[in-house]
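Hi everyone, thanks for coming. Let me put a structure up on the screen, and then we'll walk through it together.

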Amino acid sequence: MFQGLFKKPLDDQPQEPPALLDEPWRELRWGNVQEDRQYVQEYKPAQDDIKYLRVLLYGPVGHGKSSFINSVSNVIRGRISIPALASATLDEAKSFTRKFETHKFNKGRGNEKTIYPVVFNDIMGLEEENKGVHENDIKLALKGHVKEGHKFNPVSLLTEGDKDYNPTPSADDKVHVLVCVLSANAPQIKSSVLEKMKNVRETASELGIPQMAMMTHIDEACGETEKDLKNVYKSRYLKKKMTDFSAAVGIPLNCVFPVKNYSHEIDLNDDVDTLILSALRKIIDFGDDFIEKN
């Protein structure tokens, strides 16, 4: 007879917080694409003996490293382009990228064609033991010892004396910014992979190389951001993801940037470009500070 008499009214039950914050927790200037693109396009390294600011991407398999390079190319060149082959399937079983390759973005055409002075290196993804790129090979790449086209082998590391070992790297061969690429839509990263990432970060820290992280697939991970990319810094879910990433990989939160890679689009989108350019400007600023100091 008295069953349920003392139950809390439904209104008193704990409510789920709304998916979106009232205000963005990080300010971003939307609609400034032309000015931001010009900043990137007109960049020149601080030292005359360095032609290219070199950015090395690393991270687990299938988290969007090659797609991020494609997206950067689109944004810098102002049109859809495909410089880095990327797997169309999210197969996290094996890495699509097998060799060490420098991706340069063409500026102009014909006889007037030059290269934008920011280049990206894509490497084989990190996996569990005896799979994927070995962290020692990444450490050699940071120091400029890995030659273009080197094929990574998880069980046969690059060593001094190998044909793909560069014994005398120039300032141009060395990495100026290390960028970790992680998907907001991926399951928890395995501890063995996190350990490899930690070892790479420690080497970069010893060399004084600035470090950043890109959080990809934000539209797939958060429905509110899929509806409107401008919700990216209002999304509670993405803020928690970025905070968790920051703690897991040891990169400060102000060096973690959410981005959406171009995938199905056939035309550029200002909101997609804004997020990528926001990250690119910081990559250039951090990298140039490092070049100036060394």
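I'll start with the nonpolar core and then move on to the salt bridges.

Keep in mind that this is a predicted model. Okay, the core. The largest nonpolar one has 75 residues, and the members touching the most others are Val55, Leu56, Tyr58, Phe120, Val179 and Met214. Which helix gives the most to this core? That's helix α8, residues 270-293, with ten residues. If you're wondering about the background, nonpolar side chains in soluble globular proteins tend to be buried together.

Let's zoom in on Tyr58. Leaving out residues up to four places away in sequence, Tyr58 touches, among others, Ile123, Leu126, Val179 and Met197. Charged residues show up too: Lys65 and Arg201 are among the contacts of Tyr58.

Now, salt bridges. How many does the structure hold? Eleven. My pick is Asp273 with Arg37, where the closest N and O atoms are 3.1 Å apart. This pair links distant parts of the chain, since Asp273 sits in helix α8 and Arg37 in helix α1, 236 residues apart. And are these two buried or exposed? Asp273 counts as buried because its relative accessibility is 1%, under the 20% cut-off. Arg37 is buried as well, at 10%.

Compare that with Lys163 and Asp164, whose side chains meet at 3.5 Å, N to O. Here Lys163 is exposed at 70%, whereas Asp164 is buried at 15%. Finally, there's a network: salt bridges with shared partners join Arg29, Glu35, Asp36 and Arg281. Within that network, Arg29 and Asp36 come to 3.6 Å, taking their closest N and O atoms.

Conventions. Residues numbered from 1 in each chain as written. Predicted model: local features only at pLDDT ≥ 70, side-chain atom pairs only at ≥ 80, totals over all residues. Heavy atoms only, no water. Core = buried A, V, L, I, M, F, W, Y, C linked by side-chain atoms within 4.5 Å. Buried < 20%, exposed > 50% of the residue type's maximum accessible area, 1.4 Å probe, protein only. Helix = DSSP H or I, 4+ residues; strand = E, 2+ residues; numbered from the N terminus. Contact = heavy atoms within 4.5 Å. Salt bridge = Lys/Arg side-chain N within 4 Å of Asp/Glu carboxyl O.
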